[in-house]
Amino acid sequence: MKPAYQIETERLLLGTLEPSLADGAYKTWFEDSHVRSFLSVPDRPLRRDELVDYIETENRSETGILFGVFLKDGVQHIGNLHVTHIDRALSRASMGILIGDREHWGRGLASEAIDAAARYVGEVLKLKRLYAGCHHDNPGSARAFRNAAFLELSELPRDLADQDNWRQGIEIDQIMMVRLFA
């Protein structure tokens, strides 16, 4: 089994998401149609068994890391962050985030979690690029990634964007952003 990843920031802990967390707050996020509207999930509440299966599958994955995002103060589970499609050959991965607890939207917590996980990807996994996408009608998500030093792909210098398979296998049907590492 993969290690229990633990990343600490000023206000957050990012750690391995346990299947037992499929109950409670996590499940209620998917019962909220407004939260679901920003996600690539079915347009219906997700069942507990679907969430457990997702968590267990991702925790076994060799090409992804599913972090639970927890407030340090009280260790409340407020969201998830997923680093996925880890491709060492192309030195890149993708990232998505869900702050499911709307009470915590607009407080900079998503940016804080994104930045911490991105540093992990660059420093520990030693990848060069980290991609993220968000729906066009989700300016909060785009702002969170921008605040964590992501650029829109259209902002990359053309010579950089055209080299080293930057766009190979990347679907650009959403706002696509990238964070670069030295």
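1. In this predicted model, a good place to begin is with two phenylalanines: Phe145 is buried, and Phe150 is buried as well.

2. The structure holds three aromatic pairs. In one of them, the rings of Tyr26 and Trp29 have centres 5.5 Å apart and planes at 65°, and because an angle over 60 degrees counts as edge-to-face, the pair is given that description. Both Tyr26 and Trp29 belong to helix α1, which covers residues 25–29, and they are three residues apart, or about one turn of the helix.

3. Are Tyr26 and Trp29 buried or exposed? Tyr26 has a relative accessibility of 1% and therefore counts as buried, and Trp29, at 5% relative accessibility, counts as buried too, since the cut-off for that word is under 20%.

4. Phe145 and Phe150, the two buried residues of the opening point, also form an aromatic pair, and this pair is edge-to-face, with 5.1 Å from centre to centre and 75° between the planes.

5. A contact of another kind involves Arg102, whose charged end sits over the ring of Trp105, at 5.9 Å from the centre of that ring.

6. Helix α4 runs through residues 109–123, which makes 15 residues, and from its first C-alpha to its last it reaches 21 Å, close to the 21 Å expected at 1.5 Å a residue. Why can α4 be called largely enclosed by the rest of the structure? The reason lies in its burial, because 13 of the 15 residues of α4 are buried.

Definitions and conventions: Residues numbered from 1 in each chain as written. Predicted model: local features only at pLDDT ≥ 70, side-chain atom pairs only at ≥ 80, totals over all residues. Heavy atoms only, no water. Phe/Tyr/Trp six-rings, centres within 6.5 Å; stacked < 30°, edge-to-face > 60°. Helix = DSSP H or I, 4+ residues; strand = E, 2+ residues; numbered from the N terminus. Buried < 20%, exposed > 50% of the residue type's maximum accessible area, 1.4 Å probe, protein only. Lys NZ or Arg CZ within 6 Å of the ring centre and 35° of its normal. Expected span 1.5 Å × (residues − 1).
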